[in-house]
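Hi everyone, thanks for coming. I'd like to walk you through one model today, starting with its empty space and ending with its charged side chains. Please have a look at the picture first.

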Amino acid sequence: MGEVVAKVSIEKVLEGIGVERIVKADPLKLESAVEAVRQVLDERGVRAVIFKSPCIALAKPKTCYQVNEKTCVSCRKCIRELGCPAIVACDGRISIEPSLCYGCGVCGEICKFGAIQEVDHE
Ligand code: SF4
Ligand code: SF4
């Protein structure tokens, strides 16, 4: 019970049903993930983008991210564009709840003010 006995390749399933154009990307590498979608956006026919990254329930990060209050301008871009449950707004201030952050780093890429920084887990 609960053992992984076989893995099904999503890529092979897609090939099996006739999808000819398959692009793979890591969703946590924001720029390359956006580029992968752009690649197939204007093409014709059935296309698929497979996003693959370590499962957050299994991958235990050594670091998490925090908001630097001195450089955060409370623009809320990180909240609007991500919807990560670890990022919270309270009384106009933005912070990251460490127990909910699994260290993917996407919020750090989103913030153009450099206000989100990687820190060691305590
Ligand atoms: S995107 Fe950066 S500057 Fe804007 S609210 Fe989030 S942490 Fe603050
Ligand atoms: S590093 Fe990832 S999990 Fe942590 S707050 Fe940022 S977006 Fe959320």
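Let's begin with the cavity search, which comes to 1 cavity of 30 Å³ or more. Please keep in mind that this is a predicted model. The largest cavity holds about 100 Å³ of space. It has 14 lining residues, and the closest to its centre are Cys-72, Cys-75, Cys-78, Cys-111 and Ala-115. If you sort the lining of the largest cavity by class, you get 10 nonpolar, 2 polar and 2 charged residues.

So what takes up the space of the largest cavity? It is ligand 1. Around ligand 1 you'll find Cys-72, Val-73, Ser-74, Cys-75, Arg-76, Lys-77, Cys-78, Ile-94, Cys-111, Phe-113 and Ile-116. By class, that shell has 8 nonpolar residues, 1 polar residue and 2 charged ones.

Now over to ligand 2. The space that ligand 2 takes is the second largest pocket. Its surroundings are Tyr-65, Leu-82, Cys-84, Ala-86, Ile-87, Ile-96, Cys-101, Tyr-102, Gly-103, Cys-104, Gly-105 and Cys-107. How many nonpolar, polar and charged residues does the shell around ligand 2 have? The split is 10 nonpolar and 2 polar, with no charged residues. For the shell around ligand 1, remember, the charged count was 2.

Let me leave the ligands there and turn to the salt bridges. Searching the whole structure gives 5 of them, and I'll show you some.

One salt bridge joins Glu-11 and Lys-24, with the closest N and O atoms 3.0 Å apart. Glu-11 sits in helix 1 and Lys-24 in strand 1, so this pair ties together parts that are 13 residues apart in sequence. As for accessibility, Glu-11 is partly exposed at 26%, while Lys-24 is exposed, with a relative accessible area of 52%. Why does Lys-24 count as exposed? Because its 52% meets the cut-off, which is over 50%.

The next salt bridge is between the side chains of Glu-43 and Arg-21, at 2.8 Å from N to O. Here Glu-43 is in the loop between helix 2 (30–41) and strand 2 (47–51), and Arg-21 is in strand 1, so the pair ties together parts that are 22 residues apart in sequence. Both partners are partly exposed, Glu-43 at 28% relative accessibility and Arg-21 at 29%. If you're following along strand 1, Lys-24 and Arg-21 are both on it.

Then there is Asp-26, which forms a salt bridge with Lys-29, the closest N and O atoms being 3.4 Å apart. Asp-26 counts as partly exposed, with a relative accessibility of 21%.

One last stop before I hand over. Where does Glu-20 lie? You'll find Glu-20 in the loop between helix 1 (10–16) and strand 1 (21–25). Is Glu-20 buried or exposed? Glu-20 is exposed, with a relative accessible area of 77%. Try finding Arg-47 from there: Glu-20 and Arg-47 are 27 residues apart in sequence, yet their C-alpha atoms are 6.9 Å apart in space.

To recap, ligand 1 takes the space of the largest cavity, ligand 2 takes that of the second largest pocket, and the whole structure has 5 salt bridges. Thanks for listening, and I'm happy to go back to any of these spots.

Key: Residues are numbered from 1 along each chain as its sequence is written. Chains are lettered from A and ligands numbered from 1 in the order in which they are written. This is a predicted model: local features need pLDDT of at least 70, side-chain atom pairs count only at pLDDT 80 or more; totals for chains, interfaces and linings use all residues. Side-chain values use heavy atoms; hydrogens and water are left out. A residue is near a molecule or strand if one of its heavy atoms lies within 4 Å of it. On a 1 Å grid over the protein atoms alone, a cavity is a set of points where a 1.4 Å probe fits but cannot get out, and a pocket is an open set with protein on both sides within 12 Å along at least five of seven lines; lining residues have an atom within 4 Å of a point. A molecule sits in a cavity or pocket if more than half of its atoms lie within 2 Å of its grid points. Ala, Val, Leu, Ile, Met, Phe, Trp, Tyr, Cys and Pro count as nonpolar, Asp, Glu, Lys and Arg as charged, and the others, Gly among them, as polar. Helices (H or I, at least four residues) and strands (E, at least two) are DSSP runs, numbered from the N terminus. Buried means under 20% relative accessible area, exposed over 50%, partly exposed in between (1.4 Å probe, protein chains only). A salt bridge is a side-chain nitrogen of Lys or Arg within 4 Å of a carboxyl oxygen of Asp or Glu. Grid points are joined across faces, edges and corners, and a volume is the space filled by probe spheres set on the points.
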